[in-house]
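Let's take a walk through this model together, starting with one helix and moving on to the rings around it. Have the viewer ready.

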Amino acid sequence: MTMVIMLSLYSFSQDQRKIDSLNIELKNNIFLNDSSEICEIIYKIGREYFFVQSNEIAYSYLTNALKYADEKQSLRIYNLTGGIFWQRAEYEKSMEIYQEALAISENLNETEIRPMILNNIGMIY
């Protein structure tokens, strides 16, 4: 039992260090006016918060990342945002988000992220 607690604390510590590092990277890049890079960093921060089950914080970062996203970047953001609502058992909202991502994917003729989106839609059913 003690070993499990120690491993959990170590994992959380590693996650927090990664989040801190990404926040520093964001501060260093915020003035570069490279919206694609800013989006990527904000997305990664949101993803890390998602992984540690801090869904409210993750949602906040992902919503912010959408402000800087191009259509392709928005696919990953919507896919992860749908996962947040899926974890909350808000399946209708999750489905709306996945459907939006799927529509964008089809418009772009994108094939890399679409299978993940379709898989996530299948998980709702």
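What follows looks at a helix, its burial and some ring contacts.

Please keep in mind that this is a predicted model. Start with helix α2, which covers residues 35-51. At 1.5 Å a residue, its 17 residues should span 24 Å, and the end C-alpha atoms are indeed 24 Å apart, so the two values agree. Of those 17 residues, 12 are buried, so α2 is largely enclosed by the rest of the structure. Among the buried ones are Ile38, Ile41, Ile42, Ile45 and Phe50, along with the charged-type names Glu40, Arg47 and Glu48. Just after α2, glutamine 53 takes a positive phi of about 65 degrees.

Now for the rings: the structure holds 3 aromatic pairs. One of them joins tyrosine 49 and tyrosine 61, which are stacked with 5.7 Å between centres and 15 degrees between planes. This pair links helix α2 to helix α3 (residues 55-66), its partners being 12 residues apart. Tyrosine 49 has 13% relative accessibility and therefore counts as buried, while tyrosine 61, at 22%, counts as partly exposed.

Tyrosine 59 and phenylalanine 85 make an edge-to-face pair, because their planes meet at 85 degrees with the centres 5.5 Å apart. Here tyrosine 59 in helix α3 is linked with phenylalanine 85 in helix α4 (residues 71-87), 26 residues apart. Tyrosine 59 counts as partly exposed at 31% relative accessibility, and phenylalanine 85 counts as buried at 6%.

Charges meet rings too. The charged end of lysine 93 sits over the ring of phenylalanine 85, 5.8 Å from its centre. Back in α2, tyrosine 43 is buried, and arginine 76 lies over its face at 4.3 Å from the ring centre.

Note on methods. Residues numbered from 1 in each chain as written. Predicted model: local features only at pLDDT ≥ 70, side-chain atom pairs only at ≥ 80, totals over all residues. Heavy atoms only, no water. Helix = DSSP H or I, 4+ residues; strand = E, 2+ residues; numbered from the N terminus. Expected span 1.5 Å × (residues − 1). Buried < 20%, exposed > 50% of the residue type's maximum accessible area, 1.4 Å probe, protein only. Phe/Tyr/Trp six-rings, centres within 6.5 Å; stacked < 30°, edge-to-face > 60°. Lys NZ or Arg CZ within 6 Å of the ring centre and 35° of its normal.
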